[in-house]
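Okay, let me pull this one up on the screen. I'd like to walk through how the two chains meet, and then look at a pocket.

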Amino acid sequence: MIRVVSAFLFGLLFGCGILISGMGNPAKVLNFFDIAGTWDPSLAFVMGGALIVTAIGYRLAFQMDKPLQASVFSLPTRAELDTRLIGGSAVFGIGWGLSGFCPGGLIPVLGLGLSGPLLTAAAVVAGMITARWLSGVRTGGKHAAA
Amino acid sequence: MTDFTPFLSFAGGLMIGLSAVALMVVHGRIAGINGILGGFLSVRLNSDWAWRGAFLAGMIASPFIVLLATGRFPEITVPSSPLLLVIGGFLIGIGTTIGSGCTSGHGVCGMSRLSVRSITATVTFMTTAGITVYVTRHVLGG
């Protein structure tokens, strides 16, 4: 119960941060990338603020033997720079630049019930399912995408 | 045009960071929204389903906290056409799944751990997003 309630509150905090920062507003996101046009550098400050807190907070967190409500810290262990990482990230960036949404910016906006974000979210889910299916085909159905 | 909002954006970034740290301290998990969504949508029921669902529900409920705090919903303007949203969304779903992360997972959580994979991913998707906006706005003139 504590795990569910705390996760809800952390999601609420994350979403409020997204909305206050402007990361949920595609017009602002696209202007951040439009250095040659109507540039709005605000979102660099979002990344800056988030990185400062997370870099310090993670260091303190990892001093603990284990998380408060879990047995281990679940951290990615892969280190190799492969074509999936770079190709996938390149494709994500194109989608971000076309729509103005990233997953973290999109989910909080869904609460407003606007048609554009809902349409985008449906397409994101379709893309996720397609990517998993493609991964499954490539590895004979034994592999599930992380 | 959108207003330059360094203070609000920085404050929002601090909140995102606090949430990421809290999720690590309490749950031992990376606050990667793509990963949380992907895991939640996983066909197989797993023990992580509940916290992932709760985190996503909190995110979806967040506009109402903003409404309570400021008296109005956040301003959202969607410049892209429905067709571009569908194509863009589909590419986001494919790309973040194959690339194992998005702006929050690689950009915030991974970069703050100085993960070379995450730094590489972030530089890559920021670059292709910038190129995409340049092409759609200044080459194709959208």
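So, a salt bridge here is a side-chain nitrogen of Lys or Arg within 4 Å of a carboxyl oxygen of Asp or Glu. By that rule, chain A and chain B share two salt bridges. One of them pairs A:D82 with B:R117, with the closest N and O atoms 3.8 Å apart.

Quick housekeeping: this is a predicted model, where local features need pLDDT of at least 70 and side-chain atom pairs count only at pLDDT 80 or more, while totals for chains, interfaces and linings use all residues. Residues are numbered from 1 along each chain as its sequence is written, chains are lettered from A and ligands numbered from 1 in the order written, and side-chain values use heavy atoms, with hydrogens and water left out.

Now, how much do the chains bury? About 9500 Å² between them, 76% of it on carbon and sulfur atoms; that's accessible area (1.4 Å probe) lost on putting the two parts together, summed over both. In chain A, the biggest losers of area are A:F14, A:Y58 and A:L98, together 8% of what that side buries. Counting contact as heavy atoms within 4.5 Å, chain A brings 105 residues and chain B 110.

And the pocket? Pockets are open sets of points on a 1 Å grid over the protein atoms alone, where a 1.4 Å probe fits, with protein on both sides within 12 Å along at least five of seven lines; lining residues have an atom within 4 Å of a point. The second largest one is lined by 24 residues, and A:L19, A:I20, A:N25, B:L8 and B:E75 lie nearest its centre.
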